[in-house]
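Dear colleague,

I am handing over the structure below, and I would be glad if you would read the notes under it with the coordinates open.

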Amino acid sequence: MVAVTRVFAARMAGLSVFGPDGEPIGRVRDVVAALSVRRQPPRVLGLVVELPTRRRIFVPMLRVTRIEAAAVTLTTGSVNLRAFTKRPNEMLVLGELLDAQVRIESASAVLVDSALEQTRTRDWQLTKLAVRERTGRLGRRGPTKVLDWDQVEGLEFAEVTGSPQGVQQLLSMFDTMRAVDVASTLHELPSKRRYEVAEALDDERLADIVEELPEEDQKDLLAYLDDERATSVLEAMNPDDAADLLAELPEIDKVRLLEMMAPEESEPVKRLLKFSADTAGGLMTPEPLVVTPDATIAEALAMARNPELPIAVASMVFVCRAPSATPTGRYLGCVHLQRLLREPPSTLVAGALDTDLASLPPLAPLSELTRYFAAYNLVCGPVLDDEEHLIGAVTVDDLLDHLLPGGWRHSGLPDREPEEPTSQEAR
C-alpha cells in the first residue's frame with residue numbers, strides 16, 4: 001500500500017498498528033493534538049494506541065513512519081508504555097473535537113471530521129475540517145464541506161470555554177465496539193462527555209457498558225442519572241452486577257432504588273445482597289440455565305444458543321425438579337455443553353446427567369472457589385443451599401473480577417520507569 005500524507009481522523013479509528021518488523025502492537029483509538037487558541041492549524045502530537053492488554057498508550061507522531069488505508073506502521077525505537085493521560089494543553093480529536101458546534105460564513109454547522117496532513121518539515125497538522133451545515137429553521141442537515149482550518153469559526157474556543165461537543169460521532173464509533181471497549185473509552189473521557197453519551201444510549205446498551213466500568217465510574221454515572229433512568233438501567237443489568245453496584249451505594253440510596261425496581265427484577269438482587277461480595281453467594285448469577293429432567297437435549301441446546309447469554313453461563317445446563325426458577329426444586333445434576341452436543345437431540349437430559357460434580361455452598365470464600373475451578377477445569381459451577389436447591393451459579397469471569405486488582409480493566413501492563421524522551425519526542 002502507498003503511504004499517505006493526508007488522512008481523516010475518523011477513518012483512523014480502529015486501524016491496526018504494527019512495529020517496524022510487522023509485529024502487531026494494537027489499534028488506534030484517538031488522535032492527540034495541541035490546543036490552538038489562535039486561528040492556525042493545531043499540531044498533531046501523536047496517537048492514542050490501545051494495546052491487546054486494553055492499556056492505552058501515547059505514541060508520538062515522530063514514531064509513525066507510514067499511515068496507510070488499513071494500518072499504521074511505527075519506526076524503530078522504544079515507546080513509553082505508561083497509560084495515556086491527556087495533558088491540559090491537549091485535545092482528543094475523536095473524543096472531544098468531532099461533533100463540535102461551529103460556524104461557517106455566519107451559518108451554524110457541525111464538525112464531522114478533521115484531516116491530518118504532513119508538512120514539509122514532516123510534522124503533522126490538522127489542516128482541513130469537514131463540516132456539515134445546518135439549514136433552515138429546523139436545522140436540517142446540509143451538504144458536507146471540506147474547508148481550511150481558518151475558514152471555520154468557533155473551534156478556538158471549544159476547549160477553553162467548554163462549549164459542548166455532540167456525541168453522534170462517538171455513538172457511531174461505539175456501534176461496532178464491544179461493551180468492554182466502549183467502557184474503556186468512556187473511562188478516558190471527561191465527565192461531561194461521559195454523561196452526554198449516557199443520555200444518548202438506550203437502557204440495555206448503557207447497562208451492558210456500566211457493567212464493564214470501574215466501580216467509581218459506575219457510582220458516578222448512576223448518581224448523575226435521575227432515579228427513574230437509574231432504576232431502568234439497574235433492571236437491565238445482570239442481577240449479580242446490579243447487586244455489586246448497589247452494595248457500594250449509601251444505604252438510603254440502595255433502599256430507594258430497590259423499592260423503585262419492579263419486584264421480579266429486584267427480588268434476585270435482594271437475595272444476592274444477603275451474601276458478602278467475596279463469597280459464592282455474592283458472586284453467583286441467580287439466572288443460570290435450568291431445565292427439568294423431562295426436557296430433551298434439543299430443548300436444552302436451544303436455551304444455550306441464546307445470543308444474549310454469557311458464554312460461561314451457556315457452558316452448563318442444570319437439571320432440577322420444578323420450579324426451574326431459582327431457588328429451584330431439588331437439584332439433580334448438570335449437563336455440560338459438550339455432552340449435549342454429542343447426544344441425540346430427542347433424548348432426555350436426565351440420561352446425560354453428571355451427578356458427581358461437587359457443588360458450592362453459598363458461603364464458600366474466594367480461596368475455595370479458586371481451588372474448585374482449578375480442580376475441575378470449569379468455567380461455571382452450581383451453588384446449592386442446605387436443602388439442595390439450586391440458588392445460582394458462579395462463573396469464572398466473575399471470580400476473576402474479584403481476584404484481580406481494582407481497576408484492572410483499565411490498567412493494562414504494570415507500570416515501569418519511563419525512559420527519558422529526546423527533545424523531539426517530548427510533547
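What follows is a short account of two helix arrangements and of one strand hairpin.

This is a predicted model, in which local features need pLDDT of at least 70 and side-chain atom pairs count only at pLDDT 80 or more, while totals for chains, interfaces and linings use all residues. Residues are numbered from 1 along each chain as its sequence is written, and side-chain values use heavy atoms, with hydrogens and water left out.

Helices and strands here are DSSP runs (H or I, at least four residues, for helices; E, at least two, for strands), numbered from the N terminus. The axes of helix H5 (residues 191–200) and helix H7 (residues 215–224) come within 11 Å and cross at roughly 65 degrees, where axes are lines fitted to C-alpha atoms, for helices over the stretch in contact, and angles run from 0 to 180 degrees between N-to-C directions. The crossing is right-handed, that is, the near helix is turned clockwise from the far one by less than a right angle. Arg194, Tyr195, Ala198 and Glu199 of H5 make the contact (heavy atoms within 4.5 Å) with Asp217, Asp220, Leu221 and Tyr224 of H7.

H7 appears again around helix H10 (residues 251–260), whose buried residues (under 20% relative accessible area, with a 1.4 Å probe and protein chains only) are Lys254, Leu257 and Leu258. Because they cover an arc of only 100 degrees around the axis, they lie on the same side of H10; the arc is that of the directions from the helix axis to the C-beta atoms. Ile252 and Glu259, on the other side of H10, are exposed, which here stands for over 50%. The cover over the buried residues includes H7, helix H8 (227–236), helix H9 (239–247) and helix H11 (263–273).

Turning to the strands, E16 (residues 380–384) and E17 pair in the antiparallel sense over 5 bridges, pairing being assigned if DSSP finds at least two bridges between two strands. The two form a hairpin with 5 residues between them, and Glu388 in the turn has a positive phi of about 60 degrees. Pro382 has Ala393 of E17 as its bridge partner. Strand E17 (residues 390–395) has 6 of its 6 residues buried, so this strand is largely enclosed by the rest of the structure.

Within E17, Gly392 counts as buried at 0% relative accessibility. Beyond its neighbours within four places in sequence, Gly392 is in contact with Met284, Thr285, Pro286, Pro288, Thr326, Gly381, Pro382 and Val383. Gly392 and Leu272 are 120 residues apart in sequence, with 9.5 Å in space from C-alpha to C-alpha.

With best regards
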